[in-house]
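Please open the structure in your viewer and keep the sequence panel at hand. This tour proceeds by selections, each followed by a short account of what is found there.

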Amino acid sequence: MGITKRDFLKIAGVSAIGAGAVPASKAIAGFKDQVGPNKEALTGERWAMVVDVRKCPEGCDDCAKACHFTHNVPEFTYNKRHEIKWIWHEKYVNAFAVPENEGEYVDKATASRPFLVLCNHCDNPPCVRVCPTQATFKRKDGVVMMDYHRCIGCRFCMAACPYGSRSFNLKDPRLGLDHTHYNKDFPTRMKGVVEKCNFCAERLAVGKIPVCVEACKHGALAFGDLADENSQVSKLLRENYTVKRKPELGTLPMVYYIVR
Ligand code: SF4
């Protein structure tokens, strides 16, 4: 007698439960003494960034260069469709304007100057809600992460992100790296997965601030915990008028801009 589809699903379900339930404790037991939080790690309840546009000189790209080197972001400059970006500059109209009002009453200097943009690590991230595999997820400290191994390349997250903060590896990203000059401590990605800024989660884990903040010689970038009222970001928000990108969308971005 042949096995029916219903029988197969029953067997598969039981096997999956069996496979998941029993070995878990054994597997964890083996790692008990090896895995633990790094004592040096920077911890926070709500990480945020403040970009002081007044201190960000036009033409300076030190932050983006440092980020892209640190994270092995490939360079495919000859074709916009292949471009991968974690942090970059956008014109006002792309960074802040809403479709109903494309910045028509903005002064010329503001309209033509570039603004630094990156993933906003939104408190209410639409990208996370639409991901069918939980490849993108929000941590307790607010960092919106990517698990490249879970990403199936459906790009729902890219469609959901209203800031264009995500890039898709249409080509093998390793072909866009300088193999004599790349960061061996950060994983390279594969063709067919989405990537974006991770607020330097790998650096926070070892007690370092994001590399873009470290690389900025002009003091235009600050990073810290908004839940800590003594942090630099909390102080900057208290003392300055700040704006966020497209707040009307309700995504609650955690990247703030001081513009005046
Ligand atoms: Fe997601 Fe885009 Fe917000 Fe980043 S900026 S958390 S990718 S919706």
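In what order do the four strands of the open sheet lie? The model before you is a predicted one, and in it the order is β8-β1-β10-β9, with mixed pairing. As background, the strands of a sheet pair through backbone hydrogen bonds, either parallel or antiparallel.

**The sheet**

Select residues 221-225 and then 242-243. These are β8 and β9, the edge strands of the sheet, and each of them pairs on one side only.

Next, add residues 47-52, which form strand β1. Strands β1 and β8 run antiparallel and are joined by five bridges. To see one position in this pairing, display M49, which stands opposite F223 in β8.

Now select residues 232-239, helix α9, which packs on the sheet. The helix touches β1, β8, β9 and β10, the last of these being residues 255-258. Viewed against β8, the direction of α9 makes an angle of about 110°.

**The largest pocket**

Move to A64, H68, V73, P74 and E75. Of the 24 residues that line the largest pocket, these are the closest to its centre. The space in this pocket amounts to about 560 Å³.

Which elements give two or more residues to its lining? They are α2 (62-70) and β2 (87-91). Helix α2 gives the most, with four residues. If you colour the lining by class, you will find ten nonpolar, seven polar and seven charged residues.

**The second largest pocket**

Select Y92, T110, F115, V259 and R260. They are the closest to the centre of the second largest pocket, among the 15 residues that line it. About 300 Å³ of space lies here. The lining comprises nine nonpolar residues, one polar residue and five charged residues.

**The ligand**

Finally, display the ligand together with C119, C122, C127, C161 and R166. Of the 13 residues around the ligand, these come nearest. How does the shell divide by class? Eight of its residues are nonpolar, three are polar and two are charged.

Definitions and conventions:
Residues are numbered from 1 along each chain as its sequence is written. This is a predicted model: local features need pLDDT of at least 70, side-chain atom pairs count only at pLDDT 80 or more; totals for chains, interfaces and linings use all residues. Side-chain values use heavy atoms; hydrogens and water are left out. Two strands pair if DSSP finds at least two bridges between them. Contact means heavy atoms within 4.5 Å. Axes are lines fitted to C-alpha atoms, for helices over the stretch in contact, and angles run from 0 to 180 degrees between N-to-C directions. On a 1 Å grid over the protein atoms alone, a cavity is a set of points where a 1.4 Å probe fits but cannot get out, and a pocket is an open set with protein on both sides within 12 Å along at least five of seven lines; lining residues have an atom within 4 Å of a point. Grid points are joined across faces, edges and corners, and a volume is the space filled by probe spheres set on the points. Ala, Val, Leu, Ile, Met, Phe, Trp, Tyr, Cys and Pro count as nonpolar, Asp, Glu, Lys and Arg as charged, and the others, Gly among them, as polar. A residue is near a molecule or strand if one of its heavy atoms lies within 4 Å of it.
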